[in-house]
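User: Hi! I am new to reading protein structures. Could you help me see where the labels come from?

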Amino acid sequence: MEGKRCFAQSQSQSKIKFMRSKSEIISLLTNPGVIAVVRARKTEQVLPLSEALLAGGVIAIEITMTTPNAVAAIREASAKLGERALIGVGTILKPYDCQQALDAGAQFIVSPICRTELVALAHGANKPIMLGAYTPTEAQLAYEAGSDFVKIFPADGLGPNYIKALRAPLPHLRIVPTGGVDLKTIGEFFKAGCVAVGVGSSLVSTKLLQEKNWTELTRLAGEFVKAAQQARAK
């Protein structure tokens with residue numbers, strides 16, 4: 001019993017070492033501004049792919065709930081990589097899943113829908129949240145509910161011009177598009193006023209996961225970070 005208590009205290013102290021405030025997490029999410037959206041095929045892929053992304057300069061890693069045993073994967077990644085990475089959770093649809101992920105150590109919450117009741121849970125844990133939207137009305141509702149970012153999803157059918165048009169009457173929105181972001185479009189999304197981008201299959205592709213080609217993943221991550229930095233410099 002005493003051993004269990006000591007282990008629990010050790011785990012708690014380990015978490016305290018890299019505990020970040022909401023403002024610190026927001027700053028890290030927007031610099032360099034590349035959020036890797038991870039839909040791993042197997043739980044055991046999460047750690048090596050996260051290491052590969054970190055080696056390429058991508059520190060924000062969104063582990064989606066579609067990943068097998070996602071909460072366990074978040075817990076392990078947070079414990080082992082939390083000092084170097086921002087391990088977050090994506091595809092959150094229900095308050096229960098949100099709380100589970102927060103308890104496991106998720107540093108940020110992402111939902112593809114405008115589920116406003118998730119905001120209180122995230123902010124109660126001093127973590128930022130990104131609610132999903134597709135229309136100007138949904139985007140404004142997410143903002144008014146307290147969402148720190150607005151995830152425009154799916155953005156592949158909308159493109160950078162839509163973001164630019166959206167921000168003209170709603171410049172207060174901190175927009176993060178997901179879908180359609182690749183090395184050809186990332187610069188245009190930042191030029192349109194996005195504060196960060198969510199990058200899925202164009203970075204963490206099914207092919208790379210199948211082949212466990214972590215070297216190529218590191219190279220690609222570096223390319224995305226470089227493209228983001230160049231776009232912002234201009």
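Analyst: Happy to help; we will go through some labels for this predicted model.

User: How do you know how far the prediction can be trusted, and what is its mean pLDDT?

Analyst: The mean pLDDT of the protein is 93, and 92% of its residues reach 70 or more. The stretch to watch is residues 1-17, where the pLDDT is below 50. Beyond near neighbours in sequence, that stretch has 2 contacts in the model. Where pLDDT is low, the predicted coordinates should not be read in detail.

User: Why is cysteine 98 said to be in no disulfide?

Analyst: A disulfide needs two cysteine sulfur atoms within 2.5 Å. For cysteine 98, the nearest cysteine sulfur belongs to cysteine 114 and is 14 Å away, so the pair does not meet that cut-off. Cysteine 194 is in no disulfide either: its nearest cysteine sulfur, again that of cysteine 114, is 18 Å away. Searching the whole structure gives 0 disulfides.

User: And why is cysteine 98 called buried?

Analyst: Buried means under 20% relative accessible area. Cysteine 98 has 0% relative accessibility, so it counts as buried. Cysteine 194, at 5%, therefore counts as buried too.

User: What makes up the contact of H3 with H11, in nonpolar, polar and charged residues?

Analyst: From H3, Pro48, Leu49, Ala52, Leu53 and Ala55 meet Trp214, Leu217, Thr218 and Ala221 of H11. The residues divide into 8 nonpolar, 1 polar and no charged. Thr is not on the nonpolar or charged list, so Thr218 is the polar one.

User: How do the axes of H3 and H11 cross?

Analyst: They come within 7 Å and cross at roughly 40°, and the crossing is right-handed.

Terms used
Residues are numbered from 1 along each chain as its sequence is written. This is a predicted model: local features need pLDDT of at least 70, side-chain atom pairs count only at pLDDT 80 or more; totals for chains, interfaces and linings use all residues. Side-chain values use heavy atoms; hydrogens and water are left out. pLDDT is the predictor's confidence in each residue, from 0 to 100. Contact means heavy atoms within 4.5 Å. Buried means under 20% relative accessible area, exposed over 50%, partly exposed in between (1.4 Å probe, protein chains only). Axes are lines fitted to C-alpha atoms, for helices over the stretch in contact, and angles run from 0 to 180 degrees between N-to-C directions. Helices (H or I, at least four residues) and strands (E, at least two) are DSSP runs, numbered from the N terminus. A crossing is left-handed if the near helix is turned anticlockwise from the far one by less than a right angle, and right-handed if clockwise.
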